[in-house]
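Subject: Structure handover

Hi,

Here is the structure I promised to pass on. My notes on it follow below.

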Amino acid sequence: MNYRGEKIVIIGLGRTGLSCVDFFYTRGVTPRVMDTRVTPPGLDQLPTDVPRHLGSLNEAWLLAATLIVASPGIPLSHPALTAASKKNIAIIGDIELFAREVAAPVVAITGSNGKSTVTCMLGAMAAEAGWKVGLGGNLGLPALTLLQQPSQLYVLELSSFQLETTDSLKASVATVLNISEDHMNRYPLGLPQYQAAKIKIYHDATVCVVNADDTRTLTISSQVANYISFGIELGDYYLSHRKGKTWLMAYSLPLLDCDEMPIRGRHNYLNALAALALADVIGIPRWASLEALRQFRGLAHRFELVHDDRGVRWINDSKSTNVGSTEAALKGLMVPGTLHLLLGGDGKNANFTPLAPLVLGARVKLYCFGQNGPQLASLNPEESILTDTLEQAMRIIGNRVKSGDLVLLSPSCSSLDQFSNFEVRGEVFTRLAREVG
């Protein structure tokens, strides 16, 4: 598209904002940039001739624009954006810019949980087949940066925030892996509003991959004929238990013994099924997909075994920033001894009660910390210890664990009340696990 003559304002710097600046620069357009932060990341890389406004939103600039490219971090309900929208000023995101330019096939992946893992699995499958693949979006490189290198296939992880400002994406195959409460502080109308943002990914997709066990991902199925499904026991791709083994299945054909994969946990097996379904649709050779799964060791902070000593396993699942993710980690979990479960942080107005049946009983000990620690401790008051910090909880656990026990950090909450991000929280857990374990 030709953007010459447009008055463009970019909200938000960082890597994504800089990729937008570079995108317009290469098309002969100098945008204005604003950020609510006084010293946003990437400021030192911003060309000196780009007008910038820092520390707040400049409503005068926004109302004078013909096109606003908004960071996913700024809600469309912000009064300044609401005012611009009332003047019929277009508000889009970087994924919309990408969608208008991309020529190669796109696989689009979203969901409350597992989307990073499935994105990386699929990227590994394509790479194993020798394909040149561009992988990014909400994970890794910004989508516009991917366009700078030609690829045979683009695999994008997309958040609900990114999808809100995207209308032109025509994915070759798209999936909503699951939908559970998340970011409820951003969606005042509740789960249906969040769901509506997620299922935008199906719009104009050639094939839709849905979760047969999660009816919230099935909304599109009555409107789109070309869809396939995955699930625990239902779906075109499913799990089968044979002679003490769990198998990945597709259309009644056994594909892979789960014991051949380095990753563990039923939620990860479901991730593998989703990735296989996407790979099959896009035409990645099946042998390459299976070989990639045999080598895929998972992502840091996502049900990651970080310490195993004297019969005690310590698992870092710091990326579990919502209730659904912790539910997925707990379901099907087999622990010979006691499960020591660390919960806490900023719950983003979530409802924690779905966790209650999973954390009852004397063989589950809860260690709750941070902003929503008291609410989480109330899930099992008889077996809960409330602390201010993760470190305090870890030192208590270190004196209580015995052989056969499992220590799991799967907080159900954002880390931002006490940590800069979930990665830092996971690193602290890992360091302490090796220290106290």
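K115 touches I109, T110, N138, E157, L158, L177 and K198, leaving aside residues up to four places away in sequence. Before going further, please keep in mind that this is a predicted model.

**The binding-site stretch**

K115 sits in helix α5. K115 has a relative accessible area of 11%, so this residue is buried. The UniProt record, an unreviewed entry, lists K115 under "binding site", together with G111, S112, N113, G114, S116 and T117.

S112 comes from that list too. Its place is the loop between β6 (106-110) and α5 (115-128). With a relative accessibility of 5%, S112 is under the 20% cut-off and therefore counts as buried. Beyond residues up to four places away in sequence, S112 touches N178, I179, S180, D182, Y194, K198 and N322. K198 is thus a contact of S112 and also of K115.

N178 looks back at the same stretch from another loop, the one between β9 (173-176) and α8 (191-198). N178 touches G111, S112 and N113, and also N211, D214 and T217, again not counting residues up to four places away in sequence. The relative accessibility of N178 is 18%, so N178 counts as buried.

**Aromatic pairs**

How many aromatic pairs does the structure hold? There are seven. One of them joins F161 and Y187: the ring centres are 6.1 Å apart and the planes stand at 35°, so this pair is tilted. F161 belongs to helix α7 (residues 160-164), while Y187 is in the loop between β9 and α8, so the pair ties together parts that are 26 residues apart in sequence.

Are these two residues buried or exposed? F161 is buried, at a relative accessible area of 16%. Y187 is buried as well, at 2% relative accessibility. Y187 also pairs with Y194: the centres lie 5.5 Å apart and the planes make 50°, so that pair is tilted too. Y194 is buried, as is Y187. Y194 is also among the contacts of S112.

Elsewhere, ring pairs link Y3, F23 and F24 into a cluster.

Two charged side chains sit over rings. R186 lies over the face of F161, at 3.6 Å from the ring centre. K319 lies over the face of F422, at 5.4 Å from the ring centre.

**A buried helix**

Where does helix α4 stand? It covers residues 94-101, and six of its eight residues are buried, so the rest of the structure largely encloses it. The buried ones are D94, I95, E96, L97, F98 and A99.

**The C-terminal region**

UniProt lists residues 301-413 as "domain: Mur ligase C-terminal", in an unreviewed entry. Over that range the chain is 19% helix and 27% strand. The end C-alpha atoms of the range are 14 Å apart.

Now the sheet. Six strands form an open sheet with mixed pairing, in the order β15-β16-β20-β17-β18-β19. Which strands stand at the edges? They are β15 (304-309) and β19 (384-386). Each has a single partner strand, so one side of each is left without a neighbour in the sheet. From one strand to the next, the twist averages 15°.

Strands β17 (residues 339-344) and β18 (residues 364-369) run parallel and are joined by six bridges. H340 stands opposite K365 in β18. Helix α13 (residues 390-398) packs on the sheet. α13 touches β16 (312-316), β17, β18, β19 and β20 (406-409). The direction of α13 makes about 170° with that of β17.

Last, S410. S410 is in the loop between β20 and α14 (422-436). Its relative accessibility is 0%, so S410 counts as buried. S410 touches D317, S320, T326, A329, L341, L342 and L343, not counting residues up to four places away in sequence.

Best wishes

How values were computed
Residues numbered from 1 in each chain as written. Predicted model: local features only at pLDDT ≥ 70, side-chain atom pairs only at ≥ 80, totals over all residues. Heavy atoms only, no water. Helix = DSSP H or I, 4+ residues; strand = E, 2+ residues; numbered from the N terminus. Buried < 20%, exposed > 50% of the residue type's maximum accessible area, 1.4 Å probe, protein only. Contact = heavy atoms within 4.5 Å. UniProt positions renumbered as here; feature names shortened; annotations may be inferred. Phe/Tyr/Trp six-rings, centres within 6.5 Å; stacked < 30°, edge-to-face > 60°. Lys NZ or Arg CZ within 6 Å of the ring centre and 35° of its normal. Pairing = 2+ DSSP bridges. Axes fitted to C-alpha atoms, helices over the stretch in contact; angles between N-to-C directions.
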